[in-house]
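Colleague: Could you take me closely through the sheet of this model, strand by strand, together with the helices that connect or cover its strands?

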Amino acid sequence: ADGLDGYSTYLRFLPDVVITDIQMPRENGLEMMRHIRMHAPMIRTIYMSGDIDAYQPLLAEEKKKYPVSYFEKPFSLESLKRVVTEPLVN
């Protein structure tokens with residue numbers, strides 16, 4: 001439902017990848033990932049947003065440090081599958 005719920009869900013399940021919307025109530029996806037990265041700095045993260053352009057500078061900074069991908073809505077399931085299954089590049 002929001003970034004705080006997403007963080008508590010991460011702590012319960014400890015997934016290998018986080019797929020999150022950026023725009024969420026209470027805490028957005030970028031804020032949520034700051035908390036998650038305290039536990040798993042290099043967790044693969046896939047962001048999505050209906051207005052990805054508004055977040056380009058922040059996403060570009062994240063991508064320099066972390067395994068980050070992002071999509072503008074709408075996107076295809078095939079695109080998402082491709083990013084989730086591609087090997088991480090160091």
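Modeller: Two strands are taken to pair if DSSP finds at least two bridges between them, and with that understood Val 18 can be placed opposite Thr 45 in β2. The model is a predicted one, and what follows describes it in that sense.

The sheet is open and consists of three strands in the order β1-β2-β3, with parallel pairing. Its edges are taken by β1 (17–21) and β3 (68–72), each of which has a single partner strand, so one side of each is left without a neighbour in the sheet. Direction ignored, neighbouring strands of this sheet are turned by 15 degrees against each other on average.

Beginning with β1, its link to strand β2 (residues 44–49) is made by five bridges, and the two strands run parallel. Besides the position already mentioned, Val 17 stands opposite Arg 44 in β2. Between these strands the chain passes from β1 through α2 to β2, and the β-α-β crossover formed in this way is right-handed.

On the other pairing, β2 and β3 are joined in the parallel sense over five bridges, with Ser 49 standing opposite Glu 72 in β3. Here the chain crosses from β2 by way of helix α3 (residues 56–65) to β3, and this β-α-β crossover, too, is right-handed. In a regular strand the side chains alternate between the two faces of the sheet.

As for a helix lying over the strands, α4 (residues 77–85) extends across β1, β2 and β3 and runs at about 160 degrees to β2. The loop between β3 and α4 contains Pro 74, and a cis peptide bond, with omega about -5 degrees, joins Lys 73 to Pro 74. A comparable detail of the backbone is found in the loop between α1 and β1, where Leu 14 is placed; Leu 14 has a positive phi of about 50 degrees although it is not a glycine. Both details deserve attention because most residues other than glycine have a negative phi, and most peptide bonds are trans.

The helix α2 that takes part in the crossover from β1 to β2 also packs against another helix: α1 (residues 3–13) and α2 (residues 29–36) meet at an angle of about 30 degrees, with their axes 9 Å apart. That angle makes α1 roughly parallel to α2, since angles under 35 degrees count as such. In this packing α1 passes α2 in a right-handed crossing. The contact is made by Gly 3, Gly 6, Tyr 7 and Tyr 10 in α1, which meet Met 32, His 35 and Ile 36 in α2. By character, the residues of this contact divide into four nonpolar, three polar and no charged.

Methods. Residues are numbered from 1 along each chain as its sequence is written. This is a predicted model: local features need pLDDT of at least 70, side-chain atom pairs count only at pLDDT 80 or more; totals for chains, interfaces and linings use all residues. Side-chain values use heavy atoms; hydrogens and water are left out. Axes are lines fitted to C-alpha atoms, for helices over the stretch in contact, and angles run from 0 to 180 degrees between N-to-C directions. Helices (H or I, at least four residues) and strands (E, at least two) are DSSP runs, numbered from the N terminus. Angles under 35 degrees count as roughly parallel, over 145 as roughly antiparallel, 65 to 115 as roughly perpendicular and the rest as oblique. A crossing is left-handed if the near helix is turned anticlockwise from the far one by less than a right angle, and right-handed if clockwise. Contact means heavy atoms within 4.5 Å. Ala, Val, Leu, Ile, Met, Phe, Trp, Tyr, Cys and Pro count as nonpolar, Asp, Glu, Lys and Arg as charged, and the others, Gly among them, as polar. A crossover is right-handed if, with the strands pointing away from the viewer, the path from the first strand over the helix to the second runs clockwise.
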